[in-house]
Amino acid sequence: MNIEAHLATLTKRHGDLEEELHSAMNQPSSDTTKIKEIKRRKLRIKDEIERIRSSIH
């Protein structure tokens, strides 16, 4: 997989997690642990995207 395709995949996963996070936060019985885990996964992906972008520039 080339870098551009990998970045596109990561960006899509980040967006999907954003949607999942909003959905979880809007639930009346939102699970704090689940929300924290989604945020953690989202941050890991964001960090990886930034790391890759900085290495190619």
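Helices here are DSSP runs of H or I with at least four residues, numbered from the N terminus. With that settled, I placed Arg51 in helix α2. The model is predicted, and I kept that in mind throughout.

**Entry 1: overall build**

I looked up the secondary structure first. The protein has two helices and zero strands. I then checked the radius of gyration, which is 13 Å. The globule rule gives 10 Å for 57 residues, so the protein is more spread out than a compact globule. The C-alpha trace spans about 45 × 15 × 15 Å along the principal axes.

I asked myself what share of the 57 residues counts as buried. I got 19%. The exposed area came out at about 4400 Å². Carbon and sulfur atoms supply 52% of that area.

Next I checked sequence separation in the contacts. I took those between residues at least 6 apart in sequence. Of these, 62% join residues at least 24 apart.

I also counted charges. There are 12 positive and 10 negative side chains. The centres of the two sets lie 3 Å apart.

**Entry 2: the core**

Which residues make up the largest nonpolar core? I found 10: Leu7, Leu10, Leu17, Leu21, Ala24, Ile35, Ile38, Ile45, Ile49 and Ile52. The elements that give two or more residues to this core are α1 (3-25) and α2 (32-56).

I picked Ile49 from that list for a closer look. Setting aside residues up to four places away in sequence, Ile49 touches Leu7, Leu10, Thr11 and His14.

**Entry 3: His14 and Lys42**

His14 came up again, and I followed it. His14 is found in helix α1. Is His14 buried, partly exposed or exposed? The relative accessibility is 22%, so His14 counts as partly exposed; the buried class ends at 20%. Leaving out neighbours within four places in sequence, I found His14 in contact with Lys42, Ile45, Lys46 and Ile49.

Lys42 was my next stop. Lys42 sits in helix α2. Is this lysine, Lys42, buried or exposed? Lys42 has a relative accessible area of 17%. Buried means under 20%, so Lys42 falls in that class. I listed the contacts of Lys42 beyond four places in sequence: His14, Leu17, Glu18 and Leu21.

I then took the C-alpha distance for the pair. His14 and Lys42 are 28 residues apart along the chain. Their C-alpha atoms are separated by 5.7 Å.

**Entry 4: the loop and Asn26**

Where does Asn26 lie? I found Asn26 in the loop between α1 and α2. Asn26 has 64% relative accessibility. Exposed means over 50%, so Asn26 counts as exposed.

I paired Asn26 with Ile52, a core residue. The two are 26 residues apart along the chain. Their C-alpha atoms are separated by 32 Å.

**Entry 5: back to Arg51**

I returned to Arg51 in helix α2. At 52% relative accessibility, Arg51 counts as exposed. The cut-off for that class is over 50%.

How many residues separate Arg51 and Ile35 in sequence? The count is 16, and the C-alpha to C-alpha distance is 24 Å. Ile35 is one of the residues of the largest nonpolar core.

Conventions: Residues numbered from 1 in each chain as written. Predicted model: local features only at pLDDT ≥ 70, side-chain atom pairs only at ≥ 80, totals over all residues. Heavy atoms only, no water. Core = buried A, V, L, I, M, F, W, Y, C linked by side-chain atoms within 4.5 Å. Buried < 20%, exposed > 50% of the residue type's maximum accessible area, 1.4 Å probe, protein only. Contact = heavy atoms within 4.5 Å. Rg over C-alpha atoms; globule rule 2.2 N^0.38 Å. Areas by Shrake-Rupley, 256 points an atom, 1.4 Å probe, with all protein chains shown as cover. Lys, Arg positive; Asp, Glu negative; His and termini not counted. Charge placed at Lys NZ, Arg CZ, Asp CG, Glu CD.
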